[in-house]
Amino acid sequence: MIIDDDLTNVEMLRTQLLHVGFTVLSASDGHEAFEIINDQHVDLILCDVMMPLVDGYTFAMRMRECKKFQNIPLVFVSAKDQKVDKLRGYQVGALDYLTK
């Protein structure tokens with residue numbers, strides 16, 4: 001699953017993932033993502049940090065609080081590249097933090 005409010009970023013990631021055989025779901029913010037993961041099986045989440053309504057950090061914290069979603073790997077893919085941003089990503093449960 002890709003969670004990002006920038007359609008260009010979503011399409012770029014979607015194209016790459018489809019090319020190697022993944023099925024790709026997407027959401028434009030954390031709220032929409034929760035609706036999808038409640039109904040669909042998700043193996044991995046690639047999540048932006050800066051999004052409207054529910055940002056990536058808040059999404060990750062809420063996801064980790066729910067036993068049903070605790071084991072889904074989450075990777076932040078963000079333009080925020082400061083050490084403090086990456087540290088916060090790991091603190092809220094990200095498996096990795098990649099800079100766009």
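Here are some questions and answers about this predicted model, starting with one strand and moving outward.

Q: How many of the residues of strand β4 are buried?
A: Let's begin with where the strand sits: β4 spans residues 74-78. On one side it shows Leu74, Phe76 and Ser78, and on the other Val75 and Val77, with both faces covered. The side chains of a regular strand alternate between the two faces of the sheet. Counting the buried residues of β4 gives 5 of 5.

Q: Which residue of β4 stands opposite isoleucine 45?
A: Strand β3 covers residues 45-47, and 3 bridges join it to β4. These two strands run parallel. Opposite isoleucine 45, in β4, you will find leucine 74.

Q: Which helix does the chain pass through as it crosses from β3 to β4?
A: The strands β3 and β4 run parallel. Between them the chain makes a β-α-β crossover, which is right-handed. The helix on this path has residues 56-65, and its name is α3.

Q: Which residue in β5 stands opposite valine 77?
A: Strand β5 holds residues 96-99 and pairs with β4 in the parallel sense over 4 bridges. A right-handed β-α-β unit is made by β4, helix α4 (residues 83-91) and β5. Look across from valine 77 into β5, and the residue there is leucine 98.

Q: Is serine 78 buried or exposed?
A: Serine 78 has its place in strand β4. Its contacts, leaving out residues up to four places away in sequence, are Asp48, Val49, Tyr97, Leu98, Thr99 and Lys100. Its relative accessibility is 0%, so serine 78 counts as buried.

Q: How far does the backbone nitrogen of lysine 80 lie from a polar atom of the side chain of serine 78?
A: Serine 78 is in strand β4, and lysine 80 counts as partly exposed at 27% relative accessibility. Here the backbone of lysine 80 meets the side chain of serine 78, and the distance from the nitrogen to the polar atom is 3.0 Å.

Q: Which residue's side chain meets that of lysine 80 in a salt bridge?
A: A search of the whole structure finds 4 salt bridges. In the one with lysine 80, N and O are 3.7 Å apart. The partner is buried, because its relative accessible area is 11%. That partner is aspartate 85.

Q: How many residues apart are aspartate 4 and lysine 100, which form a salt bridge?
A: The closest N and O atoms of this pair are 2.9 Å apart. Aspartate 4 is in the loop between β1 and α1, while lysine 100 is in the segment after β5. Aspartate 4 counts as buried at 4% relative accessibility, whereas lysine 100 counts as partly exposed at 44%. Along the chain, their separation is 96 residues.

Q: Which residues are linked with Lys100 in a network of salt bridges?
A: Lysine 100 forms a salt bridge with aspartate 4. The side chain of lysine 100 also meets that of aspartate 48, at 3.5 Å from N to O. Aspartate 48 counts as buried, at 5% relative accessibility, and lies in the loop between β3 and α3. The network therefore links Lys100 with Asp4 and Asp48.

Q: Which elements give two or more residues to the largest nonpolar core?
A: In soluble globular proteins, nonpolar side chains tend to be buried together. Here the largest nonpolar core has 24 residues, and those with the most contacts inside it are Met1, Ile3, Ile45, Phe59, Leu74 and Phe76. The elements that supply two or more residues are α2, β3, α3 and β4.

Q: How many residues are in the second, separate core?
A: Members of this core include Leu13, Val24, Val75 and Val77. Val75 and Val77 share one side of β4. The size of this second core is 7 residues.

Q: What is the phi of leucine 53?
A: Most residues other than glycine have a negative phi. Leucine 53 is not a glycine, yet its phi is positive. This residue lies in the loop between β3 and α3 and counts as exposed, at 74% relative accessibility. Its phi is about 65 degrees.

How values were computed
Residues numbered from 1 in each chain as written. Predicted model: local features only at pLDDT ≥ 70, side-chain atom pairs only at ≥ 80, totals over all residues. Heavy atoms only, no water. Buried < 20%, exposed > 50% of the residue type's maximum accessible area, 1.4 Å probe, protein only. Pairing = 2+ DSSP bridges. Right-handed = clockwise from strand over helix to strand, strands pointing away. Core = buried A, V, L, I, M, F, W, Y, C linked by side-chain atoms within 4.5 Å. Polar contact = N/O pair within 3.5 Å; in protein donor to acceptor, adjacent residues only side chain to side chain. Contact = heavy atoms within 4.5 Å.
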